[in-house]
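Colleague: Mind walking me through this one? I'd like the cut-offs as we go.

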Amino acid sequence: MKRTFPLSPGGAAAPEAALIGAAPGLAIKDRTDWPRFGAKGPGAADWMTGAWAAAGGGALPAVNRIALVPGLRLLRLGGNDLTILGDAEAPAALAAVRAAWDGADGARGWSSWREEGWAWLHLSGPALPGTLARLCAIDLRPGRFSPTAIAQTRFAGHDAVVLCGDGACEALFDVTVTASVLHRIVQAAGAAQTIHGGGMP
Amino acid sequence: MTRLPPPFGTRIDRERPLRFSFEGRSVTGFEGDTIASALAAQGQMALSRSFKYHRPRGAFTFAGAEANTLVQVGPEPNVQADLRPLEAGMDVRAQNVAGSLAFDRDAALGSFARFLPVGFYYRTFMGPTRDAWYRLWEPRIRAKAGLGRVDPTRPAAPGDKGYLHCDLLVAGAGPAGLAAAAEAARGGADVLLVEAAPEVGGTMTFATQCDAAVRAEAVAQLGLRVMMGATVTGVFADNWISVVQERTLWRVRAREVILATGGIDQPAVYFGNDLPGILSAGAARRLIRLFAVAPGQRAVVLAATPDGLDAAEDLRAAGVEIAALVLPRALPGHDARVAELGVPVIEGRIEAASGRMRVRSVQVAGRQIACDTLVVAAGQVPAWQLPCQAGAVAGADPLTGRMTLTLERPGLRLAGTVAGTAGHAATVASGRAAGRAALRALGRPMTTDEPAPDDPDLALSHWDQPLTQDPAGKDFVDFDEDLTVRDIINAVAEGYREIELVKRFTTVGMGPSQGRHAALSTARIVAAATARPVGAVGVTTARPPAVPEALGTLAGQAEPSERRTALHARHLALGAEMQTAGAWWRPFRYGEGDRAEAIFAEAAAVRQACGILDVSTLGKLEVRGPDAAEFLDRLYTLRYATQPVGRVRYCLMLNEMGAVIDDGVAYRMAEDCFYVTATTGAFARVWSDMAFWNAQWGLRVDVANLTGAFAGINVTGPAARAVLQAMPSNIDWSPAVFPYLAGREGTVAGAPVRAMRIGFTGELSFELHTPASFVPALWDALVAAGAPHGLRPYGLEASRILRLEKGHILIGQDTDALSSPDELGMGWALAMGKPFFVGKRSVELRRRLGVARRLVPLTFPAGTAGLGESCLVLDGGRPAGHLTSVAYSPTLGHSVALAFVPAAQADPGARVTVKGRDGRLIVGTVQAHAFVDPANERQAG
């Protein structure tokens, strides 16, 4: 059956899709349809320890830290709350982890349905610093925010998981507020561009 | 009037003239001017009228310290003319005038000043009749109150908000702030320097001994982050600092903060001290040096501090005749400067100033001296607002009488004038020391402290001016509120001995300038009247904002925070009239045309065929883990440990007072997994409570919020089963296999679903929950499969009618903060045999008190009009309850309602009197059961 995401044609935020190219100095990419998988609850971390090692990773990261292997990013959001972000161009790595989880016996946590509950936007460009300064109370400046860190915070007026590194920022947030978040991002980028050329004071 | 030649006028660009208007008259200024400086260049010193007596007023400091400069600029009221940069085309008008600035009808109020003492309004407006205040006085006073005019038709001008971070925030880029910032930046700190003026330097920008180029070069080399035209408006806990820059509110988190906010020039107090043309020493120097404006042609200078000599030297350089230099006290060490000026010197004080729209003469030692300008150097007070917000204690130096500030708060320091310095060298040294201290606190030790230099100007920086009341009054202490010395003395005589009480009785310090010119004089008057030291009197509490803020700036962007279900586009495509329910957008009804007809048609479709409703806004939770059933047993009132897998059970949640706060259903998908729904409105509370109790109880449970991840569609009506059976699915929908209150997992039209035999309409219903990305396609498949069966989508209003016909309650609409299950007739939902559930103990205790009111169904005769939610239920003519829900039932042909009624009137058949919206009394009848299908045959079918 066809899946429809908020910014897809016919999606809840489809009219806002035009905003993606409307933010001055800011490139916005919608990754809501990218593969991801989350496990949560008792047993999730124990199961993921083995799965992550099988995927080529080392020990699980600390809470609010990220671990990487090619094609996968493991986000540890809590002691027993883990989410793996996949890559749309190399979905096999995540699919293998998911298949292993689906077939596992015993304690493995429960699905946190991140592939359905989260929207996922990727932001970059010269207006990014000034835009982020208007959207998030966390200091996300390069050098101040580690590329292996996770901010579980408010972003564009909503709860979000925020990652920053390599001159880009990714925000994962409740899928039902996609339109609202996108409006705020574009508005913030406009204000940043107007007042400080996209930068910060 | 011509401008002074360069080097005067460092801020203006003479090549860029700007034309604007003041009071309808065309005026020309220059780029870089403020409104007030451009007007001063034309000899226009009066800007507006005062609040109470409508006296003409103008700028005193030209530094934003007084309310006298508030003007109307186009539709924008309360613009500070001495701070707002001039723009071409501005339409500037005086504020608080009845007529014009020059001819103000309300200026006559000043003649009645003796009849309008402070607090007169507390006593005067009590009569002559009992309600005279409301009918007679209040409308008249309100018509006169307020400053400026707001244009309600003006489009909103939203502000902007943002967050900044730094190691060190320095407020004020004067000598101390610059030195502190430079020192800290040299030590490697990330420094944010915030300055209200359009350039850094503070007093150095107009002081002859400092070079502006040197300032700029120093800042550029250091690479500080400098925010110009930005004002620190508040100091909050944990060094959370609010900064307003134009229309943007920046919330800054700083590890360390240095406040170097400088001093505020103080006026002298004498008869007529408020006239336009009377300037502080700093104001005169700003006009000359920054804007190339000679303040007048003939000036008198009051030099109670050496600042007066600085101003006199600048006036002389600007070609202004100095009629007299008035020395109220000796200035040791400055005799040579006085002699060098070569102007008449009078030992004495200013006794009075005269003039109408501008000062025309002053009286000194009994002599009248003609002048058009009076420059006053009466000392400064430290800008205490921000330090005192941060917890600084104001006092007075016992030797000099100078106001002092003592601040002991980790992470926050004072530098320069606010730290008690006066001379330039001492002020710079104070800044450097503060910068080094901040570096140490940041773990970046730099150099050892340098000894503080002598501050020879300190002893002369304060003047204890005499504060005796003038018999003729008009010796103003507070310009904002037109308060005189006598007003403060009278307040103390009334018994208001403490400064906070004096403030509340007189309103001193309550105006836009927040006591910047009044605080010290008031404290000294109160101290003298109560025979206490000034330090014991202190200043009133300082609260944010330190300067006026526009509400639009605080509001920020008006971008709504809204939630959309995954079916939002489907609703719009069907022509739905969307309505907000909390943050959600929901379809109120579909299609165009008559609203009621459309809604009744939707309801009829459900009763006669099949309807589908988007229920994605329901809260959706998975409670999973070995103790999931135990968790629900404690949280909800029914039993879940005994609930079979594949069954759905009602959920009723109470708070610890035994009041109903939510309801929903729990579908047991596995021994250790329940899928739980909660109402749209109460979900946030339920989710929060679940997280709280899960942490409290420590059970082996995980709770996942799937509200956004899953969407829901309710398929309801006599044809619901037929519609589903027409779709490809691996679920057996037959009643024997899928009975009422059963739950099944499977696929429908390729979508994974969790199906539940539940509904809110009283009809045969299936609720299909599916991952959100699948629901648009599932909706389309249902619409296609249902078309032959008469299926149509229905909206929120039809849903409300249908549920009311069935007698289902809506939590939050049919309940209030105290509603108990017994009042709602839901005792059946309480498993009192359980050892515990939240609210159980309160239910037991409340049962001992009995039930005073009950929620009952009411019917009204056909044709009844005037009913509405919240209409009162009367008992013996007195309010005894109210309608919680009411609607016309298209199924029954008359109005039905739910209502709280006295328990004695709750029996079926009882007649209840309701007061209609139009005041008429309407009689309804209590029903025993739901209005539609009381035997539940339809929904169980």
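Modeller: Sure. A polar contact here is a pair of N or O atoms within 3.5 Å; within protein, one must be able to donate a hydrogen and the other to accept it, and residues adjacent in sequence count only if both atoms are side-chain atoms. This is a predicted model, where local features need pLDDT of at least 70, side-chain atom pairs count only at pLDDT 80 or more, and totals for chains, interfaces and linings use all residues. Side-chain values use heavy atoms, without hydrogens and water, residues are numbered from 1 along each chain as written, and chains are lettered from A.

Colleague: How far is the backbone oxygen of A:V175 from a polar atom of the side chain of A:T178?

Modeller: A:T178 is buried, at 2% relative accessible area (buried means under 20%, with a 1.4 Å probe and protein chains only). From its side chain, a polar atom sits away from the backbone oxygen of A:V175 by 2.7 Å.

Colleague: How much area do chain A and chain B bury between them?

Modeller: Buried area is the accessible area (1.4 Å probe) that two parts lose on being put together, summed over both. Carbon and sulfur atoms carry 55% of it, and the total is about 3700 Å².

Colleague: Which side chain meets B:D702 in a salt bridge?

Modeller: A salt bridge needs a side-chain nitrogen of Lys or Arg within 4 Å of a carboxyl oxygen of Asp or Glu. There are 7 salt bridges between chain A and chain B. At 2.8 Å, N to O, the partner of B:D702 is A:K40.

Note on methods: Buried means under 20% relative accessible area, exposed over 50%, partly exposed in between (1.4 Å probe, protein chains only).
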